[in-house]
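Hi everyone, thanks for coming. I'd like to walk you through one model today, so have a look at it while I talk.

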Amino acid sequence: MSKIKAENVNVYYGSKQALFDVSIDIAEKEVTALIGPSGCGKSTFLRCLNRMNDVIEICRVEGSIKMDNLELNSRKLDVVRLRESVGMVFQKPNPFPKTIYENVAYGPTIHGIAQSKEEMDQIVETSLKKAALWNEVKDRLDEIGTGLSGGQQQRLCIARAISVSPEVILMDEPCSALDPIATAQIEELIDDLKKEVTIVIVTHSMSQAARVSQKTGFFHLGKLIEFGPTDKIFKNPDNQQTQDYITGRFG
Amino acid sequence: MSEKPHIVKSYEEQLQLLKNTIVKMGTGVEKQLENTIQSLVKKDISLAEKSIKDDELTDKYEINIEEQVVNLIALRQPMAIDLRETVVALKVSSDLERIGDLSKNISKRLTKIGTDLPNDITKNFEIAGLKASKQVNAVLNSYLHRAKDTAENVWNSDEEIDQMTNSNMEAAVKHLEKNKNDIQKVTQLLFMLKNIERIGDHATNIAEQVYFLITGDYLEGDRPKG
Ligand SMILES: Nc1ncnc2c1ncn2[C@@H]1O[C@H](COP(=O)(O)OP(=O)(O)OP(=O)(O)O)[C@@H](O)[C@H]1O
Ligand SMILES: [Mg+2]
């Protein structure tokens with residue numbers, strides 16, 4: 001089933017067009033990977049899905065992006081609510097300079113999700129458990145989040161993202177600064193999360209895209225060149241440009 | 001699809017080396033088979049002995065290709081066409097090794113029974129053997145030139161060898177009924193005829209691999225069976 005349906009999305013930074021007529025169907029409770037050379041528009045597209053492009057003054061988004069039939073690109077949309085249901089994890093782990101507990105409790109607090117201290121404790125614990133971080137931090141919840149290792153910080157950011165029970169999580173190169181073990185932990189987490197959440201991940205690692213996703217989209221120069229089942233894309237893509245890119249023949 | 005070279009030259013070179021090794025191994029196996037058949041045609045046992053000896057090199061090639069493939073998978077993580085290239089090389093090398101082995105086996109039997117053999121049977125063997133040689137040659141060409149049609153032709157022609165083998169074996173049994181004294185020689189010849197058929201089967205396997213390499217699809221339909 002389709003969770004997000006983008007149709008003819010065009011994005012401009014000032015007069016420079018960054019995305020050209022991108023149409024894509026993102027399936028619910030699946031992992032969709034977006035790949036492509038640097039500057040092809042992956043992050044730009046990802047930001048369309050939670051209206052993060054709004055914060056870039058010169059950025060203009062055209063076209064339709066529907067999530068469960070709700071038009072995300074509408075002026076009337078409640079962007080705060082949207083970001084509650086569409087969470088985001090970035091390339092560089094960016095915990096707040098606050099305690100581990102506060103990092104996770106932040107979202108539920110501003111969205112008024114927890115009614116009591118007990119309920120909040122529960123949300124923090126569950127989120128950290130889902131992010132496979134609980135065992136490592138349960139005795140130091142009042143320590144500062146930025147004091148964790150890179151891989152732990154990234155899992156903290158994921159815990160923060162899932163604390164508000166989002167329907168969609170966007171990840172922009174979430175493992176690029178992590179070692180293979182931390183990467184495997186995040187990938188295991190992604191596998192686990194997709195039972196409940198729709199995930200869109202941008203990655204420069206072909207093997208990561210192949211490992212974690214069910215669908216893969218290849219972007220090039222602002223266009224979605226090919227989109228299909230991940231095994232098809234990596235075994236026998238239809239498009240020559242896709243094949244050149246994934247086999248290292250580009251340029 | 002005709003491919004651009006890889007950005008990383010050493011990767012390009014490794015894949016090229018793998019292809020070249022398959023072609024070299026294939027050329028050697030073709031020669032082994034040819035020597036085996038010519039040994040009978042020319043009644044020259046030294047050719048059979050050469051075929052037996054050359055099988056050592058064929059085995060070495062197989063090991064070398066396996067090493068190359070494992071290295072490529074471990075160190076390069078090939079994708080798409082490169083992955084097919086790598087996996088297909090492994091499978092093709094093992095079929096080539098079997099063809100080499102079967103040629104050697106025929107040659108060994110020949111060295112045992114000598115070249116003074118019932119003419120009617122050796123004539124049949126020769127025709128089937130040449131047909132199998134042609135198949136091996138064609139399928140190696142299809143690999144070298146990425147020729148899908150040639151691979152399909154090989155796949156479709158295997159039935160002929162199968163049918164030939166059946167009638168050749170029947171003829172050999174008939175010969176035996178009339179010439180009971182030939183039992184030693186004819187028994188060996190029966191195995192030799194069967195080996196030719198199996199060589200044809202391995203050429204067909206390779207044709208399937210070449211087709212997969214080129215298209216990413218599997219050859220459709222029932223495998224022709226005689
Ligand atoms: N804030 C911005 N202002 C102006 N142009 C931008 C801005 N952000 C992105 N762009 C331009 O839009 C295009 C797409 O950029 P984007 O960041 O989406 O690419 P990307 O595929 O995520 O690349 P990378 O893999 O390097 O992260 C690029 O040409 C880029 O220069
Ligand atoms: Mg980016």
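Okay, let's start where the two chains meet. Across the interface of chain A and chain B there are 12 residue pairs in polar contact, counting pairs with both residues at pLDDT 80 or more. That confidence score is there for a reason: what you're looking at is a predicted model.

So which elements of chain A give two or more residues to the side that touches chain B? They are α8 (206–212), α9 (230–235) and α10 (240–246) of chain A. The largest share comes from α10(A), with 4 residues. And if you sort the residues on that side of chain A by type, you get 5 nonpolar, 7 polar and 3 charged.

Now for how much is in contact. On chain A, 15 residues are in contact with 15 residues of chain B. Between them the chains bury about 1300 Å², with 48% of that on carbon and sulfur atoms. Three residues are worth pointing at here: A:Asn236, A:Gln243 and A:Arg249 supply 40% of the area that chain A buries against chain B, more than any other three residues.

How many salt bridges does the rule find across this interface? It finds 2. In one salt bridge, the side chain of A:Arg249 meets the side chain of B:Asp82, at 3.0 Å from N to O.

Let's leave the interface and look at α3 of chain A. Its buried residues are A:Ile100, A:Tyr101, A:Asn103, A:Val104, A:Ala105, A:Gly107 and A:Pro108. An α-helix has 3.6 residues a turn, so residues three or four places apart point the same way. Keep that in mind as you read through the list. And what covers those buried residues? The cover includes α4 (117–130), α5 (134–137) and α6 (150–162) of chain A. Just after α3(A), look for A:Gly112, which takes a positive phi of about 60°.

Last stop: A:Lys98, in the loop between β6 (86–89) and α3 (100–110) of chain A. Is A:Lys98 buried, exposed or partly exposed? It counts as partly exposed, because its relative accessibility is 39%, and that class lies between the 20% and 50% cut-offs.

Leaving out neighbours within four places in sequence, A:Lys98 is in contact with A:Asn103, A:Glu143, A:Ile144 and A:Gly145. You've met A:Asn103 already, among the buried residues of α3(A). There's also A:Gly147, which is 49 residues from A:Lys98 in sequence, yet their C-alpha atoms are 9.8 Å apart in space.

That's my tour, thanks for listening!

Key: Residues are numbered from 1 along each chain as its sequence is written. Chains are lettered from A and ligands numbered from 1 in the order in which they are written. This is a predicted model: local features need pLDDT of at least 70, side-chain atom pairs count only at pLDDT 80 or more; totals for chains, interfaces and linings use all residues. Side-chain values use heavy atoms; hydrogens and water are left out. Buried means under 20% relative accessible area, exposed over 50%, partly exposed in between (1.4 Å probe, protein chains only). Contact means heavy atoms within 4.5 Å. Buried area is the accessible area (1.4 Å probe) that two parts lose on being put together, summed over both. A salt bridge is a side-chain nitrogen of Lys or Arg within 4 Å of a carboxyl oxygen of Asp or Glu. A polar contact is a pair of N or O atoms within 3.5 Å; within protein, one must be able to donate a hydrogen and the other to accept it, and residues adjacent in sequence count only if both atoms are side-chain atoms. Ala, Val, Leu, Ile, Met, Phe, Trp, Tyr, Cys and Pro count as nonpolar, Asp, Glu, Lys and Arg as charged, and the others, Gly among them, as polar.
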